[in-house]
Amino acid sequence: MNKTQLLKKLLPGFIPLFVFIVADEIWGTKIGLFVAIAVGVSEMVWIAISEKRFEKFVLFDTLLLVVLGAVSIVLDNDIFFKLKPGLIELILVAVLAVSAFSKINIIGLMGQRFLKGTSFNDAQMNQMRQSIKYLFYIFSAHTILVFYSTFFLSKGAWAFISGGLFYILFGVYFLFELFRKKKK
């Protein structure tokens with residue numbers, strides 16, 4: 001899975017968060033949670049219909065959204081909903097860690113699924129592992145910030161860190177990789 005595919009898989013998971021932030025400001029937390037859950041479920045259905053299959057990551061993301069959103073609604077506390085991006089990213093960090101620091105390259109195996117018939121030489125695999133290590137460190141730091149903002153910062157700060165900052169970091173990393181490859 002390349003960086004663009006990774007971003008495309010993660011992007012749908014952030015849409016309910018942005019919807020929650022807007023709906024929360026307009027109608028309050030409880031309605032915001034209901035709206036975010038509805039958007040997440042609708043998004044999963046739309047992807048299933050348009051691609052004629054259930055995307056496992058989107059299915060998992062939506063189920064997590066529904067469970068944490070429901071707990072937040074029942075307990076009348078949005079903290080559980082706000083934990084969702086950190087939990088998803090924690091799973092991503094675990095996959096990146098295994099891929100970067102063990103003999104099993106999960107990201108490489110996923111990439112081969114999308115790039116059937118393509119093989120990588122040792123230099124390409126080493127370069128991929130190096131990129132995965134960079135992503136691991138970036139996403140680890142971001143995950144810590146997401147959890148910190150969930151518990152200790154304002155809703156606006158949490159929204160920026162868990163959403164916008166993610167894309168900014170990804171963009172900076174993409175430019176870094178582009179610059180690094182041009183330099184070589």
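# Exercises on a seven-helix model

From the N terminus on, the elements of the protein run α-α-α-α-α-α-α. The model is a predicted one, and every exercise below should be read with that in mind.

## Exercise 1. The overall make-up

Determine how many helices and strands the protein has, and what share of its residues is buried.

Solution. Begin with the secondary structure, where the count gives seven helices and zero strands. Turn next to burial: of the 184 residues in the protein, 41% are buried. Finally, consider the contacts between residues with a separation of 6 or more, of which 68% are accounted for by residues 24 or more positions apart.

## Exercise 2. Helix H2 on its own

Compare the reach of helix H2 with the expected value, and list the residues of H2 that are buried.

Solution. Helix H2 covers residues 29–51, which is 23 residues, and from its first C-alpha to its last it reaches 32 Å, close to the 33 Å expected at 1.5 Å a residue. The buried residues in H2 are Gly32, Leu33, Ala36, Ile37, Gly40, Glu43, Met44, Ile47 and Ala48. When reading such a list, recall that an α-helix has 3.6 residues a turn, so residues three or four places apart point the same way. After H2 comes Lys52, and the phi of Lys52 is positive, near 55°.

## Exercise 3. Three helix pairs

For the pairs H2 and H3, H3 and H4, and H4 and H6, work out the relative direction of the helices from the packing angle.

Solution. Two packed helices are described by the angle between their axes and the distance between the axes. The cut-off that this step needs is that angles over 145 degrees count as roughly antiparallel.

Step 1. H2 packs with helix H3 (residues 56–75) at an angle of about 165°, and their axes are 10 Å apart; H2 and H3 are therefore roughly antiparallel to each other. The crossing in which H2 passes H3 is left-handed. On the H2 side the contact is made by Lys30, Leu33, Phe34, Ala36, Ile37, Gly40, Val41, Met44 and Ile47, while the residues of H3 that take part include Val58, Leu59, Thr62, Leu65 and Val66.

Step 2. For H3 and H4 the angle is about 155° and the axes are 7 Å apart, so these helices are again roughly antiparallel to each other. Their crossing is right-handed. The contact involves residues of H3, among them Phe57, Phe60, Asp61 and Leu64, and, from H4, Ile79, Phe80, Phe81, Lys84, Leu87, Ile88 and Ile91.

Step 3. H4 and H6 pack at about 160°, with their axes 8 Å apart, and that makes H4 roughly antiparallel to H6. H4 passes H6 in a left-handed crossing.

## Exercise 4. The loop residue Asp76

Locate Asp76, and decide whether Asp76 is buried or exposed.

Solution. Asp76 lies in the loop between H3 and H4. Its phi is near 55°, a positive value in a residue other than glycine. The relative accessible area of Asp76 is 59%, and because the cut-off for exposed is over 50%, Asp76 is classed as exposed.

## Exercise 5. Aromatic pairs

State how many aromatic pairs a search of the whole structure finds, and describe the pairs Phe101 with Phe136 and Phe139 with Phe170.

Solution. The search finds 11 aromatic pairs.

Step 1. One of them is formed by Phe101 and Phe136, which are edge-to-face, with 5.3 Å centre to centre and 80° between the planes. This pair links distant parts of the chain, since Phe101 is in helix H4 (residues 79–101) and Phe136 is in helix H6 (residues 122–152), 35 residues apart. Phe101 is partly exposed, with a relative accessible area of 44%, whereas Phe136 is buried, at 16%.

Step 2. Phe139 and Phe170 form a stacked pair, with 6.3 Å centre to centre and 20° between the planes. Here too distant parts of the chain are linked, with Phe139 in helix H6 and Phe170 in helix H7 (residues 155–183), 31 residues apart. Both Phe139 and Phe170 are buried, and together with Phe166 and Tyr167 they form one aromatic cluster.

## Exercise 6. The surroundings of Arg129

Identify the residues in contact with Arg129, leaving aside its neighbours within four places in sequence.

Solution. Arg129 is found in helix H6. With those neighbours left aside, its contacts are Ser99, Ala100, Ser102, Lys103 and Asn105. The C-alpha atoms of Arg129 and Ile107 are separated by 9.2 Å, and these residues are 22 apart along the chain.

Technical notes. Residues numbered from 1 in each chain as written. Predicted model: local features only at pLDDT ≥ 70, side-chain atom pairs only at ≥ 80, totals over all residues. Heavy atoms only, no water. Phe/Tyr/Trp six-rings, centres within 6.5 Å; stacked < 30°, edge-to-face > 60°. Helix = DSSP H or I, 4+ residues; strand = E, 2+ residues; numbered from the N terminus. Buried < 20%, exposed > 50% of the residue type's maximum accessible area, 1.4 Å probe, protein only. Expected span 1.5 Å × (residues − 1). Axes fitted to C-alpha atoms, helices over the stretch in contact; angles between N-to-C directions. Parallel < 35°, antiparallel > 145°, perpendicular 65-115°, else oblique. Left-handed = near helix turned anticlockwise from the far one by under 90°. Contact = heavy atoms within 4.5 Å.
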